[in-house]
Amino acid sequence: MVQTAQTAGRAGASLDILPALAKTAPLMADPKVNEQMEKIVSLCKRRGFIFQSSEIYGGINGFWDYGPLGAELKRNVKDFWWRTMVHTRDDVAGLEATIIMHPQIWKASGHVDTFVDPMSTCHGCKRLIRTDQAWEMIETSGWGAPLKELYQSHAPADELAKWAETKGKRLVPRLALILNPRAVAANWERRLQESSNAERPTLRQFFVAMGREEYEPGYSIPPCPHCGSELTEPRPFNLMFRTCVGPAADDDNVAFLRPETAQAIFVQFKNVLETSRQKVPFGIAQAGKAFRNEVTPRNFTFRSREFEQMELEYFIRPDEAIEAITGQVTKPAAGHPGEPRPCWGWQTWHQYWVEERIRFYESIGLPRATLEEYWQTPEELAHYARATVDLLFKFPFGTQELEGIAARSDFDLSQHQRFSGKTMGVFDEELKLAWAKLDEAKKAELSKRYFEARLKYLVKMGEAKEKAEKLATEDAAGLAKGNYIPHVIEPSAGVDRLILALICNAYTEDQAPDEKGKLETRVVMKFHPRIAPIKVAVFPLLKNRPELVKKAHEVRDLLRPHMTVFYDDAGAIGRRYRRQDEAGTPFGVTVDFDTLGEKRDLLNTVTLRDRDTMQQTRVKIGDLLSLLLEKIR
Ligand code: GAP
């Protein structure tokens, strides 16, 4: 496995030092989606939201920088997450841990052994492709989508060959159908005629089959999404970036850049518990960088190699302890379950956090209708998860994951206890007292359930049966004395994906009159004021009138200690408004001659322009600060 990762890393290096956009653009979905994403990517660069990393050297694939507006937007989102998850709650404490940690952590968490993606190399263009993503890339690509349409409409061989000789040739030069259009199309038609409708090969089989000389029913590797050549058999590729700690670059000093922020929370669990005066149920939150050597970073910042996460690990009692204390374990109904209660089992806590997270997104301008809840099927669940809900956002390139909310059982703390030899359990006085009052039958029932759950985990992790039974018996005895390893609910969000979702959601085009009253297309970023990079722009009507400029400076200085203010006196006022619309600034304040008292009753008033409606209202300077603060908080 290590060998595979190293080989892949070398092969990938020369390919990946390529302009990131050039590599992602051709594979975005249909032309309309391409057009929408191109507009968004172009605005991001033009207005300073997002730049390619190392751009002057040609870029580096999977790495992005945030420009002046992007940096503000990102900061606002992270600050608001922190405010929502930590500051406004009594039951969550914060943490800021290092990126490089003891390598054993990644052994315990399973990342060293299982954090792998299947990777293939293209025989033609030599690109590295994530084999499991190739289908999706093909079916939404500029060549896969039209071919899919031809296939689904049962197009005759002639039409297929015609497409191959014209458009197809330009789009996907090395696809078998393009290299040998007449023969492949005829062969294909014959095969279709031979099979009944019920056994008609699927679209994917069609793509595979036309790339093979012999039709092999079991063969399922797709053609290269970029050029159509054959891909190699998939091989596992570990996504963790490796480095060495200290001057000797040998195997003993290998360490990893963290692929998630979560593990630091687990390994510092005891320290936080002891210093924060929290007790279960409570959470630890952390936001920060994570690194994954993605095989195919794509869709702009959506899948990057360096990104940020905002994660909460919320520790709860095991259901057996809850039942012992409260006599019941409530199961969730639909919707938000309301204020936390001691009788909530893990399923209700899970539901609670799904709903809390949706409310968070709503409060920063992503309506519920833009999100989708996806409950992973048992086959899709990670080995540690009891249930996972993905919150998906409708990006222009498809509905994709924004955040995962996983019920991780007691897996993580248990693993770190086994690997470090340090106890990760807690003592719960309430449980000890409650247990003593239970009748013998209840004690036996709860002990048995707890024993079985612990045994299942230990056996799954490879402990020998005898040892696992001994340990699980000790765990069950511990429960009766008030000891257990907490379970965890984990809402895990990606900052960069959220920024991209907010940008896609905010991007709007409408019609607005220019200086001469002629309608023109206006690009406006409709960010929620709470997260908008700049809250208010201040404009003197004319820059060559010192009395207007002086007053505008006064207004700017009044607001600046409380919010981000942009002062702009360059160009016609209409153009200044347009610039701020593109930056997503929700409010514009103009100082004009009435402000100076040209109309006596308007002395010391300004116009306040709303970005979305373009309506202007007259506001007293004295009221401006409180009015704006109310809207941006
Ligand atoms: N601790 C759990 C965990 O890391 P994950 O689903 O692998 O779970 C959580 O990641 C979130 O991190 C995702 O929902 C996504 O928003 C973000 N994320 C993951 N990989 C990413 C990547 N390569 N680029 C950008 N964001 C990513």
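**Entry 1: the second largest pocket**

I began with the residues that line the second largest pocket of this predicted model, and I found that they divide into eight nonpolar, six polar and eleven charged. The lining is made up of 25 residues, and I noted Arg75, Asn76, Lys78, Asp79 and Phe80 as those that lie nearest the centre of this pocket. About 540 Å³ of space lies inside the second largest pocket.

Which element gives the most to this lining? I looked it up and found helix 4, with nine residues. Helix 4 covers residues 68-87, and along with strand 9 (282-291) and helix 24 (621-632) it is listed as supplying at least two residues of the lining.

**Entry 2: the largest pocket**

I then turned to the largest pocket, which holds about 1600 Å³ of space. Its lining has 50 residues, and I wrote down Arg292, Arg303, Gln376, Asp390 and Glu401 as the closest to the centre. Several elements give two or more residues to this lining, among them helix 6 (111-114), strand 4 (116-121) and helix 7 (131-139) from the earlier part of the list, and strand 10 (306-316), strand 12 (387-395), strand 13 (398-409), strand 16 (487-494) and helix 21 (495-506) from the later part.

Strand 13 provides the largest share of the lining of the largest pocket, namely eight residues. Sorting the lining by class, I found 13 nonpolar, 18 polar and 19 charged residues.

**Entry 3: the ligand**

Where does the ligand sit? I checked, and the space taken by the ligand is the largest pocket. I counted 19 residues around the ligand, of which Glu260, Arg292, Glu294, Glu311 and Glu401 come nearest. Arg292 and Glu401 therefore enter my notes twice, since they are also listed among the residues closest to the centre of the largest pocket.

I next looked at polar contacts of the ligand with three of these glutamates. The side chain of Glu294 has an N or O atom 2.8 Å from a nitrogen atom of the ligand, and for Glu311 I read a distance of 2.6 Å between an N or O atom of the side chain and a nitrogen atom of the ligand. With Glu401 the partner on the ligand is an oxygen atom, which lies 2.5 Å from a polar side-chain atom of that residue. Taken alone, the ligand exposes 550 Å², and the protein buries 90% of that.

How many residues of each class form the shell around the ligand? I found four nonpolar, five polar and ten charged residues. Strand 10, strand 13 and strand 16 each supply at least two residues of this shell, and the largest share, five residues, comes from strand 13. Strand 13 also has the largest share of the lining of the largest pocket.

**Entry 4: two backbone details**

Finally I looked at the backbone in two loops. Val280 and Pro281 are joined by a cis peptide bond, with omega about 5°, and I placed Pro281 in the loop between helix 14 (269-276) and strand 9. Strand 9 was already in my notes as one of the elements lining the second largest pocket.

The other detail concerns Asn604, which has a positive phi of about 60° although this residue is not a glycine. I located Asn604 in the loop between strand 21 (587-591) and strand 22 (605-610).

Key: Residues numbered from 1 in each chain as written. Predicted model: local features only at pLDDT ≥ 70, side-chain atom pairs only at ≥ 80, totals over all residues. Heavy atoms only, no water. 1 Å grid on protein atoms, 1.4 Å probe; cavity = no way out; pocket = protein on both sides within 12 Å on 5 of 7 lines; lining within 4 Å. Points joined across faces, edges and corners; volume = space filled by probe spheres on them. Helix = DSSP H or I, 4+ residues; strand = E, 2+ residues; numbered from the N terminus. Nonpolar A, V, L, I, M, F, W, Y, C, P; charged D, E, K, R; others polar. Near = heavy atom within 4 Å. Polar contact = N/O pair within 3.5 Å; in protein donor to acceptor, adjacent residues only side chain to side chain. Areas by Shrake-Rupley, 256 points an atom, 1.4 Å probe, with all protein chains shown as cover. Sits in = over half its atoms within 2 Å of the grid points.
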